[in-house]
Amino acid sequence: TLEIWYANVPTGTTATISVTLNFAPNFLGISVGKLTGVTATPTDTETKTGITSEPFTFDTGITIPATGFGIAAIASNADASGGPTRSANWTGQSAVFNAGIGSLIVGMTNTSGSQNPSVTNLGAGFSFGNGAMAAWGP
């Protein structure tokens, strides 16, 4: 499973984040960031499960408002150790951040309009994965 969680925290500089599971995962990762100057809730989202082939593309994509922000993440069962460099290739422009971390790929962009990132080179042993993406407006 892959999920994007968010919280509207108008004040403060620290937080305790806990993840409790009722199963033993093969891989667990958490990434935390701060967005400022955007809407409290996403303006558009999409998830996709059961990814079984490359290149991976979401079904409809998301629309990022002018001066907004978008994030896409894909997690797979690939063995990423020593594998190829992987990144989410956003439509028509470069991402402001891309990372392949273990079997997780994260891409972010601040280019407005319709966006549907495409991902290739998911890693050795890839046979399935899940994806999620969201956009926030100003």
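D59 is an exposed residue, with a relative accessible area of 57%, and it makes a good way into this predicted model. D59 pairs with K48 in a salt bridge, and a search of the whole structure turns up 1 salt bridge. Around that pair, the protein is built from 10 strands and 0 helices. Here is a short tour, grouped by topic.

**The salt bridge**

- The closest N and O atoms of D59 and K48 are 3.1 Å apart.
- D59 sits in the loop between strand 2 (56–57) and strand 3, while K48 belongs to strand 1 (residues 44–51).
- The two partners are 11 residues apart, and their pairing links distant parts of the chain.
- K48 counts as partly exposed, at 22% relative accessibility, whereas D59 is exposed at 57%.

**Overall build**

- Read from the N terminus, the order of elements is β-β-β-β-β-β-β-β-β-β.
- The protein has 138 residues, and 33% of them count as buried.
- Taking contacts between residues at least 6 apart in sequence, 74% join residues at least 24 apart.
- About 8200 Å² of the protein is exposed, with carbon and sulfur atoms supplying 51% of that area.

**Nonpolar cores**

- The largest nonpolar core holds 12 residues: I51, F56, F58, I62, I64, A72, I74, I105, V119, F126, M133 and A135.
- Strand 3 (62–64), strand 4 (69–76) and strand 10 (129–136) are the elements that each give two or more residues to this core.
- Another core, of 9 residues, lies apart from it and includes F69, I71, A73 and V106.

**A nonpolar patch on the surface**

- On the outside, W5, I17, V19, L21, F23, L28, I30 and V32 form a nonpolar patch.
- Together these patch residues have about 840 Å² of accessible area.
- One of them, L28, is placed in the segment before strand 1.
- L28 counts as exposed, with a relative accessibility of 52%.

**G61, a buried loop residue**

- G61 shares its loop location with D59: G61 lies in the loop between strand 2 and strand 3, as does D59.
- Unlike the exposed D59, G61 is buried, with a relative accessible area of 9%.
- Leaving aside neighbours within four places in sequence, G61 is in contact with D44, E46, Q115, N116 and M133.
- M133, from that contact list, is also a member of the largest nonpolar core.
- G61 and S118 are 57 residues apart in sequence, and their C-alpha atoms are 10.0 Å apart in space.

**N130 and its polar contact**

- N130 is placed in strand 10, one of the strands that give two or more residues to the largest core.
- N130 is buried, at a relative accessible area of 16%.
- A polar atom of the N130 side chain lies 3.3 Å from the backbone nitrogen of G50.

**T67, a backbone angle to check**

- Most residues other than glycine have a negative phi.
- T67 has a positive phi, near 60 degrees, in a residue other than glycine.
- T67 is found in the loop between strand 3 and strand 4.
- With 65% relative accessibility, T67 counts as exposed.

How values were computed: Residues are numbered from 1 along each chain as its sequence is written. This is a predicted model: local features need pLDDT of at least 70, side-chain atom pairs count only at pLDDT 80 or more; totals for chains, interfaces and linings use all residues. Side-chain values use heavy atoms; hydrogens and water are left out. Helices (H or I, at least four residues) and strands (E, at least two) are DSSP runs, numbered from the N terminus. Buried means under 20% relative accessible area, exposed over 50%, partly exposed in between (1.4 Å probe, protein chains only). Contact means heavy atoms within 4.5 Å. Accessible areas come from the Shrake-Rupley method with a 1.4 Å probe; for residues, only the protein chains shown count as cover. A nonpolar core is a set of buried Ala, Val, Leu, Ile, Met, Phe, Trp, Tyr and Cys residues joined through side-chain atoms within 4.5 Å. A salt bridge is a side-chain nitrogen of Lys or Arg within 4 Å of a carboxyl oxygen of Asp or Glu. Patches are made of residues with over 30% relative accessible area and no salt bridge: like charges are joined within 9 Å, nonpolar side chains (Val, Leu, Ile, Met, Phe, Trp, Tyr) within 5 Å. A polar contact is a pair of N or O atoms within 3.5 Å; within protein, one must be able to donate a hydrogen and the other to accept it, and residues adjacent in sequence count only if both atoms are side-chain atoms.
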